Amino acid sequence: MAVEIVMPKLGMSMENGTVMQWHKHPGDPVEKGEPLVAVSSEKIEYEIEAPASGVLLEILVPEEGVVPYGTVIGYVGQPGERANTAMEGKLEAASASAAPGSELRREDRIKISPAARKMARSAGIDTSSLVGTGPGGRITVEDVQRAMADASLPSGIAGEMRALDVAGPDAARGTGKAGVTGTSAEPTMATGETTTTEATSGMGAFSGAEKASSHGPKWLPEDAGNISRVPLRGMRKVIAQRMQNSLLETAQLTLTARADVTQALRLLRELAQEWGEEKKPTMTDLVARAAIAALREHPEMNSRFVEGQVEIHSLIHLGIAVALDKGLVVPVIRDAGGMTFAQLSAAIRMLSRRARDHELDSAEMAGSTFTVTNLGQYGVEWFTPILNPPETGILGVGRAEDAPVYCGDVLERRTLLPLSLTFDHRVVDGAPAAQFLAMVKRGLEHPLDLLVG
């Protein structure tokens, strides 16, 4: 009997999941327990394992398909076995319930991924005119994007662009290998303010009116074979939406300062010897501890701007940004202010490992009141962190560097750590934000106080 492959619920708040990648094709043999399909929610990616040994009988939801949790996305069974899919039942029911003489809409009969259909509807693209390049002729997001790009080009050029895509990069570069004569248009990107040489080799010329009416850059046809389009999906798409919304919906300002962490580094080395290599604390741990101490004294920074109101939290739920191969996640340490330094260090280490191993639940990435992000390990000195809405503040940490510093009248070699505080100016003014950053700096320069505080 065929076994269902079901979209799991990845966290309490999940409503829909996205099929990211099928590792097998229909008919391929599978072993029970091997990774079969990668799915994702907003910020969690998960590998669904084969529920049984046999072959992949059928894929019901293609890559990029978005469906509610609990939906059957495919079947595993024995060779030659037929899956009684729920999809077939739904189509039969729809046909039976239709009015006499009516038919299912043509759009519903077209093989197209849900994401592609949604994109086409938003852009006003007629899906019946598209040629699918996906499995079995299915229309994909890339097909819709190409149609959207064609629609933005001057009349007559869109068809030539499609011909160049088929002819390949040699034709696009104008080498003549595919029967297309080269053009003389320079530069390769034209704007309404830039004059280009007319392209006259069988493509027709851009008229002066078309040039004058162009808004923003337009790629010329000879670049068609050198452009690859990568759709935003899964974690990357969520990050893109949230970061753009963050900049659009908040009043962000960034303050910077350098902290002398010479003593702090000495303390970290001593603790590493005492605690052991596996438990040794990091500079991120110490910065987090300093931020917690400052948040206690400046509760307005431990707040969230929600629906026109400022929510000031008595508990500090600290977010620690963790970079992954495909994006960024922010696991949350709950009630971080109630922890000792050793407990805080262990919590950061544990959550960072779980994040890198893709083991975090969505609940472990929700509810933060302040975030710390460290790019020092990548050689970055200064940067402008983007707020993690609806939080009021985020603290960025750069690379520590040695520099000559006057200590009184004596010039000494000290280690300085760059700090960047981004805050929401709707909630906090510049002066209190500067006082908060100064307190973080002071804590890092007197690290022993952080251990007993």
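Trainee: In this predicted model, where does Ser-368 lie?

Mentor: The model is predicted, and its elements are best used as landmarks. Ser-368 belongs to neither of the two elements that flank it, helix H11 and strand E18 (370–374). Its place is the loop between H11 and E18.

Trainee: Is Ser-368 buried or exposed?

Mentor: A residue counts as buried when its relative accessible area is under 20%. Ser-368 has a relative accessibility of 6%, so the residue is classed as buried.

Trainee: Which residues are in contact with Ser-368, leaving aside its neighbours within four places in sequence?

Mentor: The list includes residues on either side of Ser-368 in the numbering. With neighbours within four places set aside, the contacts of Ser-368 are Arg-304, His-317, Gly-319, Val-332, Asn-388 and Glu-391.

Trainee: How far apart are the end C-alpha atoms of helix H11, and why does that agree with its number of residues?

Mentor: Helix H11 covers residues 341–356, which is 16 residues. At 1.5 Å a residue it should span 22 Å. The model agrees with this expectation, because the end C-alpha atoms of H11 are 23 Å apart.

Trainee: Which residues of H11 are buried?

Mentor: The buried set in H11 includes Ser-345, Ser-352 and Arg-354 as well as Leu-344 and Ile-348. In full, the buried residues are Phe-341, Leu-344, Ser-345, Ala-347, Ile-348, Leu-351, Ser-352, Arg-354 and Ala-355.

Trainee: Where is Asp-335, and what is its phi?

Mentor: Asp-335 lies in the loop between strand E17 (332–333) and H11. At 33% relative accessibility, this residue counts as partly exposed. Although Asp-335 is not a glycine, its phi is positive, at about 50 degrees.

Trainee: Which residue with a positive phi follows H11?

Mentor: The phi in question is near 55 degrees. The residue that follows H11 with this positive value is His-358.

Trainee: Where is Glu-64 found, and is Glu-64 buried or exposed?

Mentor: Glu-64 is in the loop between E6 and strand E7 (66–68). It has a positive phi of about 80 degrees, although it is not a glycine. Its relative accessible area is 8%, so Glu-64 is buried.

Trainee: What is the order of the strands in the open sheet of four strands?

Mentor: The strands of this sheet pair in an antiparallel manner. Strand E1 (3–6) and strand E3 (29–30) each have a single partner strand, so they stand at the edges, and one side of each is left without a neighbour in the sheet. E3 is joined to strand E6 (residues 54–59) by two bridges. The order is E1-E8-E6-E3.

Trainee: Which residue in E6 is the bridge partner of Val-30?

Mentor: E3 and E6 run antiparallel. The bridge partner of Val-30 in E6 is Gly-54.

Trainee: How many residues does the largest nonpolar core have, and which helix gives the most to it?

Mentor: The largest nonpolar core has 76 residues, and among those with the most contacts inside it are Ile-5, Phe-370 and Leu-444. Nine of its residues come from the helix that gives the most, H10 (residues 283–297). Apart from this core lies another of 10 residues, including Leu-130 and Ile-139.

Trainee: Which peptide bond is cis, with omega near 5 degrees?

Mentor: One partner in this bond, Pro-390, is found in the loop between E18 and strand E19 (393–397). The other, Pro-389, is 142 residues from Leu-247 in sequence but 9.6 Å from it in space, C-alpha to C-alpha. The cis bond runs from Pro-389 to Pro-390.

Trainee: Where does Leu-247 lie, and what are its contacts beyond four places in sequence?

Mentor: Leu-247 is part of helix H8 (residues 234–249). Once neighbours within four places in sequence are set aside, its contacts are Gln-252 and Ile-386.

Trainee: What is the average pLDDT of the chain, and where is pLDDT below 50?

Mentor: A score of at least 70 is reached by 75% of the residues, and the chain averages 80. Where pLDDT is low, the predicted coordinates should not be read in detail. The pLDDT is below 50 over residues 85–108, and it also stays under 50 over residues 155–214.

Technical notes:
Residues are numbered from 1 along each chain as its sequence is written. This is a predicted model: local features need pLDDT of at least 70, side-chain atom pairs count only at pLDDT 80 or more; totals for chains, interfaces and linings use all residues. Side-chain values use heavy atoms; hydrogens and water are left out. Two strands pair if DSSP finds at least two bridges between them. pLDDT is the predictor's confidence in each residue, from 0 to 100. Contact means heavy atoms within 4.5 Å. A nonpolar core is a set of buried Ala, Val, Leu, Ile, Met, Phe, Trp, Tyr and Cys residues joined through side-chain atoms within 4.5 Å. Buried means under 20% relative accessible area, exposed over 50%, partly exposed in between (1.4 Å probe, protein chains only). The expected span of a helix is 1.5 Å times one less than its number of residues.
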